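Q: Please take a close look at the aromatic pairs of this model. Set them in the context of the whole chain.

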Amino acid sequence: MHWADYTAQRLIERGGRQVSASGITPSGDFHIGHLREILSAEMIHRACIDAGIESKYIFIVDSMDPLRRVYDFLSPEYKRYIGHPLAYIPAPDPDGKPGEGGNTYAEHFLDPFLKALGEIGVNPEVVMNHETYESGGFAEFIDSAITRKEEIGGIIQDIAGRDLGEDWFPYNPIGSDGSMDGVIVTGYERPFVHWTDSHGIDGKSDIRKAEGKMPWRIDWAARWAIHGITCEPAGKDHGAAGGSYDTGIPICRLLGGNPPDKIVYEWIQLKGMGPMSSSSGLTIGPMEALSLVPPEILRYVIARSKINRHIEFDTGGALFRTADEYERLVSNPTLVDEGMTKRQLVAAQTQVGAIRLSQVEPGSDPRKSIGGVSFSHLSMLAQIKSSDEDVWGSLNRSGHIQGEPSNSLVVRLARMRNWIGGAHFPIDAKIEIKKRISDEARVNIDMDGRKFLSSLSSLLSECEWSDEGINAAIVNACESAGIPIGSGYSSLYWVLIGRSYGPKASSLISEMDREGVLSLLGSA
RNA sequence: GGGCCUGUAGCUUAGUCAGGUAGAGCGCCGGGCUUUUAACCCGGUGGCCGGGGGUUCGAAUCCCCUCAGGCCCGCCA
């Protein structure tokens with residue numbers, strides 16, 4: 001059984017209406033790792049619906065979280081906003097300076113992410129956490145947290161092993177300058193929390209408004225209660241012993257809620273493309289990933305892996321394998337039949353589940369999502385045929401498609417061309433026409449091969465410059481050199497791409513200009 | 001120091017929660033498609049399930065120990 005279906009079964013035992021949730025702080029660009037947070041929860045939500053129980057999926061944006069520091073992509077002007085909620089500070093402009101556009105920091109990073117989510121079929125109910133504060137949604141929980149401050153502090157000290165200082169208070173008010181940093185609580189008279197800020201100014205915050213927020217561990221526990229969340233997969237950082245999941249559960253109960261069961265997912269790591277990490281400033285964003293691969297493949301990357309396993313996101317060769325695997329599984333579905341051993345049965349069901357959950361449109365027929373061509377084959381055609389029409393023609397001739405290409409295939413080719421043109425395309429999948437013959441090639445071409453190449457050279461100088469004309473020239477040159485066709489092709493590939501085999505040589509050559517081919521052959 | 005995850009064929013892995021003769025894909029090897037699209041089709045090779053012990057009629061699966069890798073423990077998906 002697929003992990004999402006398994007979790008749905010557990011939720012059915014829990015009973016009632018299911019609410020799956022994700023929460024992300026929009027402190028900077030969203031990256032591919034955030035997609036796992038979102039999709040883990042969304043797939044469980046879908047599995048609940050498929051199992052016939054009522055479920056919704058909400059995406060809580062931590063827009064009330066303060067700016068922690070001036071990140072690399074921000075200009076020093078942001079120093080004055082440290083400690084301010086992300087919902088109340090201006091978005092950075094292209095230079096990293098506070099913009100004049102009127103949109104907020106939180107929106108600035110959130111909007112493109114939501115657009116990407118739409119493309120992969122995720123349409124959450126978006127909750128801006130600062131709005132929940134503004135509307136007083138947190139008020140009664142803030143009040144109980146303050147009332148039961150000692151108990152909550154005790155939970156955090158015991159379970160997290162953290163030493164909470166004298167000034168610790170389960171509510172961080174916003175001071176006179178808009179920052180939560182350095183504000184010390186001096187008293188509480190419902191609904192007001194009294195404080196003295198870092199400038200020595202006294203004031204009070206109304207807990208029914210967004211004039212402060214609860215610290216993360218309590219905020220999280222309270223929102224479970226507020227939204228009735230029954231399922232919220234969290235990253236392994238929260239899942240560690242003594243992490244916020246462990247403290248959240250008892251705190252949520254204390255606040256009168258019924259917390260979700262702990263579900264922890266592993267992280268996505270980036271690999272196979274050189275210096276690609278947050279620290280070096282190069283990450284892969286959801287939009288960038290979507291410009292390379294179709295959305296169902298991106299979903300499949302998450303769906304095919306167990307939730308507690310690392311995923312190495314590799315935009316190189318591994319993506320080929322994953323995409324080809326997807327194509328293959330859809331066009332040749334795993335059959336679940338009687339004769340299987342229990343083991344095989346479970347494996348088949350898991351695979352079927354992964355494909356089902358990878359569909360952009362829930363419940364749609366997976367066969368509509370494929371192009372009918374493997375990624376590796378398409379990448380080859382895209383490289384040797386500059387015109388899309390020629391690609392469709394070739395696919396028709398090879399029997400991959402009949403007639404016009406499907407819409408998903410058209411999109412696949414466009415994305416494939418992006419991928420090929422970008423930095424992430426794997427080197428060993430790249431078809432690179434040699435400028436001049438390599439030394440390795442020289443070694444691999446014998447006397448007969450040379451004879452064939454020189455004969456080919458003269459035939460090519462006058463043949464019709466088309467697939468057919470060039471192919472005929474190759475065949476004729478083999479005959480006149482008295483060598484088998486196979487070895488002729490092999491010599492030709494050595495000259496063209498430095499290997500003994502390759503994509504259809506006549507197609508490759510017809511994409512090149514005659515002079516270039518002749519001078520390359522001449523160098524042999 | 002505390003904790004989590006992972007270790008199965010050359011590679012990527014399924015199967016571990018519900019113990020019952022190790023599955024798959026890629027790669028590789030061979031064959032087919034009689035002028036080879038890195039396509040496609042057929043067949044084959046390949047694993048003392050990290051190691052040790054225990055429970056059991058039976059262990060990749062449960063328990064204990066151990067080795068290796070990754071990660072978390074202010075904030076971070």
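A: The answer below turns from the chain as a whole to its aromatic rings.

This is a predicted model, in which local features need pLDDT of at least 70 and side-chain atom pairs count only at pLDDT 80 or more, whereas totals for chains, interfaces and linings use all residues. Residues are numbered from 1 along each chain as its sequence is written, chains are lettered from A and ligands numbered from 1 in the order in which they are written, and side-chain values use heavy atoms, with hydrogens and water left out.

Chain A contains 22 helices and twelve strands; these are DSSP runs numbered from the N terminus, helices being H or I of at least four residues and strands E of at least two. The radius of gyration of chain A is 30 Å, against a value near 24 Å for a compact globule of 524 residues; the radius is taken over C-alpha atoms, and the globule rule is 2.2 Å times the number of residues to the power 0.38. Along the principal axes, the C-alpha atoms of chain A fill a box of roughly 100 × 60 × 40 Å. Buried residues make up 51% of the 524 in chain A, where buried means under 20% relative accessible area, exposed over 50% and partly exposed in between, with a 1.4 Å probe and protein chains only.

Within this setting, the whole structure holds 18 aromatic pairs. Rings of Phe, Tyr and Trp (its six-membered ring) pair if their centres lie within 6.5 Å; planes under 30 degrees apart count as stacked, over 60 as edge-to-face and the rest as tilted. One of the pairs joins Phe30 and Phe113, which is stacked because the ring centres lie 4.1 Å apart and the planes meet at 10 degrees. Phe30 belongs to the loop between β1 (18–24) and α2 (32–50) and Phe113 to helix α3 (residues 105–119), so the pair ties together parts that are 83 residues apart in sequence. Both partners are buried: Phe30 has a relative accessible area of 6%, and Phe113 has 2%.

Another stacked pair is that of Tyr133 and Phe138, with 4.0 Å from centre to centre and 15 degrees between the planes. Tyr133 is buried at a relative accessible area of 0%, and Phe138 is likewise buried, at 0%.

Aromatic residues also gather in a group: Tyr71, Phe73, Tyr78, Tyr81, Tyr105 and Phe109 form one cluster.
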